[in-house]
Amino acid sequence: MDRHALLEARAELAQGIRASEDWHPSYKSQETTFRALLRYEAQLDTQTAEYLAGLALRAPEYVDWAQVPTVHAAATPLANKADEVWGNEMIDMTKAVIDAITMLTVTGGQFGELTYNMAIGTSSLSDWVLESARTQTAKLVTQVTDTNRKLISEAIKQSVARGEDKTATMARISEVINNPVRAEMIAHTESVNAYQGGLLGFGRETGATKKTYEALAGACPICAPLDGETVGIDETFSNGVDRPPSHPRCRCNTYIVY
Ligand SMILES: [Zn+2]
C-alpha cells in the first residue's frame, strides 16, 4: 500500500470507530449531518497528521546545532518564537486545516437548519461561517504552534541531558512532533468545536436568545454538572466556555432556545 492508500484506510477506520462511540444523542439525530461530521473530522485528522509529519522533517532546520552540545536550561537553540520560520509554519498549518474546519462549521449550521426546521442556506460562503472558522483556526494554530515549540525544546533538553548525538536528537524531535495520537485528539476536539460554532452561529442568525448545555453524562463526567444550564446566546457557561468542547474529546451539545 502506498502512503495515500494508508491514509485513506486510516481515515475510514477512524470514522467507523467514531460512529460507534458515545455522542450526545442529538449528534446522531440527523443522519446526514452526523455522517458529514465524521467525514470532515477524518479529513481534519489526516490534514493535521500530514502537517505534523511535515513539521517533523523541517524542525531540524530550526535548530542551531552548534549550540546544542553546551546548551543550558536558560538558553534554547531553537529558532525564536518571533522568527519568521514559525510565522511560515502557522501559515502552513492554517492552509492544512481551514477547509475541514469551515466544512465542520457548515455541518453544525446545517444540523441547526434540519433540527429547528429553518432553512437559511448555510454554506461555506456564508460570512458568519467564514468568520467562525477563521477565529477558531487562528486560535488553534497559535496553540498548536506554541506546543510544538515546547515539545521540540524539551526533546533537545532530554537529548542534552543524556549526551545524545545529533542523529539521536533529531529522532527524538521527530518522535514527539510526528504523533498521530495527538493529531487525532486535535481533530476530534476541534471538530466538535467547529460544529458547535456552526450551530451557535445558526442560532444567532435565526434570532435565538439563549442556549442550554446538554452534557453526555457517561462520556463527559467533567461536563455533567453543566447539564441543563441555560445562558444568553452570547454568554459563557459557568465553566467559562461559550460552547462545547469543554475538554479534549468532549462530545456534549448545546440546545438553541428561541
Ligand atoms: Zn463534555
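The following exchange concerns a predicted model of a protein and the reasons behind the terms used to describe it.

Colleague: What makes up the secondary structure of the protein, and in what order along the sequence?

Modeller: The protein has seven helices and three strands. Along the sequence the pattern is α-α-α-α-α-α-α-β-β-β.

Colleague: How do you know that strands E1 and E2 pair?

Modeller: Two strands count as paired if at least two bridges are found between them. E1 (residues 210-214) and E2 (residues 230-232) are joined over three bridges, in the antiparallel sense, so they meet that definition. One of the partnerships sets Lys210 against Gly232 in E2.

Colleague: What makes E1 and E3 a pair?

Modeller: The requirement is again at least two bridges. Five bridges join E1 to E3 (residues 253-257), and the two strands run antiparallel; therefore they too are a pair by that definition. Tyr213 stands opposite Thr254 in E3.

Colleague: Which side chains of E1 are buried, and which are not?

Modeller: The side chains of E1 alternate. Lys211 and Tyr213 point to one face and are buried, whereas Lys210, Thr212 and Glu214 point to the other and are not. Buried here requires 20 or more other C-beta atoms within 10 Å of the residue's own.

Colleague: How do you know that the length of helix H6 agrees with its number of residues?

Modeller: H6 (residues 166-177) has 12 residues, which at 1.5 Å a residue should span 16 Å. The end C-alpha atoms of H6 are 17 Å apart, so the two values agree.

Colleague: Why are the buried residues of H6 said to line one face?

Modeller: The buried residues in H6 are Thr169, Met170, Ile173 and Ile177. Seen down the helix axis, they fall within an arc of 100°, so they line one face of H6. The face turned away from that buried side carries the exposed residues Thr167, Ala168, Ala171 and Glu175. Among the elements covering the buried residues are helices H3 (31-58) and H5 (127-162).

Colleague: What makes a set of residues a nonpolar core, and which elements give two or more residues to the largest one?

Modeller: Such a core consists of buried nonpolar residues joined through C-beta atoms within 7 Å. The largest has 51 residues, and those with the most contacts inside it include Val97, Leu104 and Ile152. H3, H4 (84-115), H5, H6 and H7 (180-205) each give two or more residues, and H4 gives the most, with 10. Ile152 touches residues that include Ala59, Leu78 and, in H6, Ile173 and Ile177.

Methods:
Residues numbered from 1 in each chain as written. Predicted model: local features only at pLDDT ≥ 70, side-chain atom pairs only at ≥ 80, totals over all residues. Helix = DSSP H or I, 4+ residues; strand = E, 2+ residues; numbered from the N terminus. Buried ≥ 20, exposed ≤ 12 C-beta atoms within 10 Å, placed from the backbone. Expected span 1.5 Å × (residues − 1). Arc of directions from axis to C-beta. Contact = placed C-beta atoms within 7 Å. Lists of a residue's contacts leave out its neighbours within four places in sequence.
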